[in-house]
Amino acid sequence: MKRIHYSWFILVVTFFSIIVAGITMSSSGVFIDPLEREFQWDRSTNALAFAVSLFLYGISGPFMAALLEVIGLKKMMISAMSTLVLGMSLTFFMNQSWQLIIIWGGIIGLGASLFLTVLSPYVANHWFVKRRGLAVGILTASTATGQLILLPVLAIIIDHYSWRWAIGFILLLSIVMLIMIAIFVKNKPQDLDLTPYGQDELIENPDVHLKKNPISMAFNGLLEAVKVKTFWLLAGSFFICGLSTSGLIGTHFVSYCISFGIPLVTAASLLSFMGVFNLLGTTASGWLSDRFDNRWLLFWYYLLRGASLLLLPYALAQGSFVLLTIFTIFYGLDWIATVPPTISIARQTFGVQKSSIIYGWIFASHQAGAAVAAYGGGLIYKFFNSYTWAFFLAGAFCALASLFVIIVKKTNFSASTNELNIKS
């Protein structure tokens, strides 16, 4: 009987590690109301803490990639999960709003960064030759999987017990994954006298990047990218992408629903339900990005997302469960569908070797947008006692993003795809 290649064990541990980090970030929406009730903190202050975490984990991405090359996979995963465990533990002792900003915004945001930015492509590139695309797809899906399964669980725990029990549940999962990482994760296949999955006796060319200082690589990639108009258009559109997804929906959707009398568990279930269609939409988007002009895909993704965000306030005001369900399905299909075409355009523009670092900076822009929406949504609620204007503005910005991507210079897609297939 043929043994299972160890790469798949690494994939499984990484998959569940990303789930834990992902639910930590996506759970912010279910904690806003209980924290506000217990501590009487201003909602904009709570939103600021979650905004800092979104921004910090996004901007850390290129540097996490650099540290992976220097420190290695196992030590980095242990350090990052330990940081999450520390942050979750300190949450039990906070009683001031500034402590929430430091703990959730700084410590937890930094701990989640590795898992939610560059870990998926790193594991796929170092442990797989065959099925590399499948590995990336599985790991990318893990964030949505965690949201789908665990977000309603957290809401039920909060509803029946308290937010502290929900934090304790995440803490327990983090400790379990820390133990699994310590036991099973290895830096590279060679540590076990193995080759990456799908590579027999063939030896891949060494990565020339390893001869350079990885921190310098990250900044050199940025310096090269800022000279190209396409980078600014992609970064600008991805800023709006983050603003209209994790920053707004991920942080404020549950509270917005609660303000219209929808119970916490129901609102969290709607958000998790988006995860089902998130998986379907992102998979389909990856398939489409191999076959159609990625600029037009992004154009329609952003335009239709904007339309759905304009629909949500109307659906809630009318109390229409049918319209709310339509929004949940439609928006879920479009949540991270923008990622495969954006990565594809970055690869076409900057080449296979440079695109990963440059995409890291584009993703940092995404998280900056998420941070703006997370904090801005809280401010809008503070002044208007409603989130409606936040969603209207996000819908308008999505229309602007659709214009950004359509003026990106078209590149030779088939040549880029062939290059990628040869290198893979």
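**Group meeting: core, cysteines and aromatic rings in a predicted model**

Let me begin with one residue, Leu-73, which, leaving aside residues up to four places away in sequence, touches Ile-10, Leu-68, Leu-119, Tyr-122, Val-123, Trp-127, Val-185, Lys-186 and Asn-187. Please keep in mind throughout that this is a predicted model, and that what I describe is computed from it.

Leu-73 belongs to the largest nonpolar core, which has 126 residues, and together with Phe-31, Phe-115 and Ile-249 it is among those that touch the most other members. The element that gives the most to this core is helix H17, residues 352-384, with twelve residues. As general background, nonpolar side chains in soluble globular proteins tend to be buried together.

Turning to the start of the chain, helix H1 covers residues 6-26, and its 21 residues reach 30 Å from the first C-alpha to the last, which is close to the 30 Å expected at 1.5 Å a residue. H1 is also mostly covered, with 17 of its 21 residues buried.

Next, the cysteines, where one may ask how many disulfides the structure holds. There are zero disulfides; for Cys-241, the nearest cysteine sulfur is that of Cys-398, 8.0 Å away, and since a disulfide requires the two sulfur atoms to lie within 2.5 Å, Cys-241 is in no disulfide. The same distance of 8.0 Å separates Cys-398 from its nearest cysteine sulfur, that of Cys-241, and Cys-398 is likewise in no disulfide. Cys-241 counts as buried because its relative accessibility is 1%, and Cys-398, at 0%, counts as buried too.

On aromatic rings, a search of the whole structure finds 25 aromatic pairs. In one of them, the ring centres of Tyr-161 and Trp-165 are 5.6 Å apart and the planes meet at 40°, so the pair is described as tilted. Are these two residues buried or exposed? Tyr-161, with 60% relative accessibility, counts as exposed, and Trp-165, with 59%, counts as exposed as well. Elsewhere, Tyr-256, Phe-260, Tyr-381, Tyr-387 and Phe-391 form one aromatic cluster.

Finally, a word on confidence. The protein chain has a mean pLDDT of 83, with 91% of its residues reaching 70 or more. Where is confidence lowest, and where is it highest? It is lowest in helix H19, residues 413-423, at a mean of 39, and highest in helix H9, residues 163-184, at 95. Over residues 412-424 the pLDDT stays under 50, and for this stretch the model has 18 contacts beyond four places in sequence.

Note on methods
Residues numbered from 1 in each chain as written. Predicted model: local features only at pLDDT ≥ 70, side-chain atom pairs only at ≥ 80, totals over all residues. Heavy atoms only, no water. Core = buried A, V, L, I, M, F, W, Y, C linked by side-chain atoms within 4.5 Å. Buried < 20%, exposed > 50% of the residue type's maximum accessible area, 1.4 Å probe, protein only. Helix = DSSP H or I, 4+ residues; strand = E, 2+ residues; numbered from the N terminus. Contact = heavy atoms within 4.5 Å. Expected span 1.5 Å × (residues − 1). pLDDT = per-residue confidence, 0-100. Phe/Tyr/Trp six-rings, centres within 6.5 Å; stacked < 30°, edge-to-face > 60°.
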